Amino acid sequence: MSFNSLEFLLFLPVVLLLYWLLPHKFRWAWLLLASYYFYMSWNPWLVFLILGTTLVSYGAGLLISKTQNVKIKKLLLAITVIVCLGILVFFKYFNFLIQSAIDFLNLFSLNINSVSLDIILPIGISFYTFQTLSYVIDVYRGKILPEKHFGYYALFVSYFPQLVAGPIERPGDLLPQLHAPQKLSSEDISAGLRVLLTGFFRKCVVADFCGICVNSVFSSIDSANSLAVALAGALFLVQIYCDFAGYSEIAMGAARLMGVKLSKNFDRPFLSVSATEFFRRWHITLGKWFTDYLYIPLGGNRKGLPRKILNTFIVFGLCGLWHGANWTYLFWGLWLATLIGIESACRKPLTKFCDNMGINLKNPAVMLARRVLFFIMLIPSALLFRANSLADFGQLFVRLFTDIGFGSAYFASAFSSLSLTAVGFAELLLSIVCMGLIHDFCEFGRVEAKGLYPLIKPQSAARARYAQRIAVYLYAVLAVGICWIYLLSTGDISSFTYFQF
């Protein structure tokens, strides 16, 4: 059951209605039942996998808290990590690891036949595995007390709004909210609906629109020129952002309608001027997870610049593989680690050079130029992330810098590769601009900050704000509805990209 499906639009109101009708002491059971049903809608047998991971981590947390023997605690932690990660590695990486080993051995003319198991990739396994690991590690570190109520812990692992694609919630943040006797409030309803609309707009309007253009180029690389490849990379950046941020916002909105505040996962990443800043704004919960449980234990930036760069490569290499069992993801992570390493090494000399030249790096015009330049630098990484193989990426990379031209025929060829007409391109740009407006209006309600009411009399300002808010809801619903119907009619409606991770 995907968020952008009719089933979910029926499922969510039913869950919310019974949730608020039931007494608090029964709500956890209802949400747990709903969450397991939500997960089983993809494959009923996968429920045993998430249940097994839940049981192992729950039992480990209790046992770790009951013993004072440090060696036993370490042993229990090690067993839990091995079991949980072992399940993840088997289901997600077994075929990749075996095939990679065979390919390596065949370099020595051994002629070993390919081996492959028919393994179903469980939806969201990377997300709930990391969530259970954070629980056990935090109990081991003494940061939280173990959850004694198995039902609440199982709900923490399987909570349906963020089950299959995050945000990756920490037990100290989510468990207390699940325990708390939530009360229905107009603030939660308003905030939840605003964020839901933002998420649906990102996914159903912007992401799926960009996806049509991107898929067109990647399905016919041979006919794409340099401009088409560059635009496909840029549009894929927008697509993956709106796809994943859209999912996160729908999750946040659904949870908020139950009084639960999930962690923010994105913070306008395309305003970044560096790779370091970008990954503080992009997939925030995953970045914090790797920082707290891998980067800092490795030494972080406390042991000098060379060690910091090495730790960055380790973390981003694993982060790349976390996204999928393909060499493209590994090299994507290493590519970004290289950018961050270069930034770390050059930050002080570059800052000193700019100061000597009288260049103000915080100047608005300079900031805009830095943002545009950094976005352009991200395009090759986007092509690598989207490519089906390193060979496809190599072909795209060559075309990006060689098949360059100018003139009406050149531009027409690029638009043809993207399956775009001039009107379609204008509509695409308009949807991206509207994305920013919807973000302001629906998520933060920055109406006053935009100065939209300078000429309105004070006594009518409140009424104008209310009318504007209602208008935004109606426009957003209309835009989502029209684009959804269009995409359904063309067969181009898609699932969320991060479901495969």
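Student: Why is Arg202 called buried?

Tutor: This is a predicted model, and in it Arg202 has a relative accessibility of 2%. Buried means under 20%, so Arg202 counts as buried.

Student: What makes the contact between the side chains of Arg202 and Glu249 a salt bridge?

Tutor: Look at the distance, N to O: 2.7 Å. The cut-off is within 4 Å, between a side-chain nitrogen of Lys or Arg and a carboxyl oxygen of Asp or Glu. An Arg and a Glu at 2.7 Å fit that, so the pair is a salt bridge. Arg202 sits in helix 8 (residues 186-219) and Glu249 in helix 9 (residues 226-256), so this pair, 47 residues apart, links distant parts of the chain.

Student: And how do you know whether Glu249 is buried or exposed?

Tutor: Its relative accessible area is 7%. Under 20% is buried and over 50% is exposed, so Glu249 is buried.

Student: What makes Lys203 and Asp243 a salt bridge?

Tutor: The closest N and O atoms of Lys203 and Asp243 are 3.0 Å apart. With the limit at 4 Å, the pair therefore qualifies. Here, too, distant parts of the chain are linked: Lys203 is in helix 8 and Asp243 in helix 9, 40 residues apart. Both Lys203 and Asp243 are buried.

Student: Why would such side chains pair up at all?

Tutor: In general, side chains of opposite charge can pair when their charged atoms come close.

Student: How far apart in sequence are Glu277 and Arg281, and which helix holds them?

Tutor: They both lie in helix 10 (residues 275-281), four residues apart, which is about one turn of the helix. Their side chains meet in a salt bridge at 3.0 Å, N to O. Arg281 has a relative accessible area of 18%, which is under 20%, so Arg281 is called buried.

Student: How many salt bridges does the whole structure have?

Tutor: Eight. There's also a network of salt bridges that links Glu187, Asp188 and Arg256.

Student: Why is Arg27 called buried?

Tutor: Arg27 has a relative accessible area of 10%, and the cut-off is under 20%, so it is buried. You'll find Arg27 in helix 2 (residues 24-40). Leaving aside neighbours within four places in sequence, Arg27 is in contact with Tyr19, Trp20, Leu22 and Gln182.

Student: What about the chain as a whole: how many helices and strands?

Tutor: The chain has 18 helices and zero strands. Buried residues make up 50% of its 501 residues.

Terms used. Residues are numbered from 1 along each chain as its sequence is written. This is a predicted model: local features need pLDDT of at least 70, side-chain atom pairs count only at pLDDT 80 or more; totals for chains, interfaces and linings use all residues. Side-chain values use heavy atoms; hydrogens and water are left out. Helices (H or I, at least four residues) and strands (E, at least two) are DSSP runs, numbered from the N terminus. Buried means under 20% relative accessible area, exposed over 50%, partly exposed in between (1.4 Å probe, protein chains only). Contact means heavy atoms within 4.5 Å.
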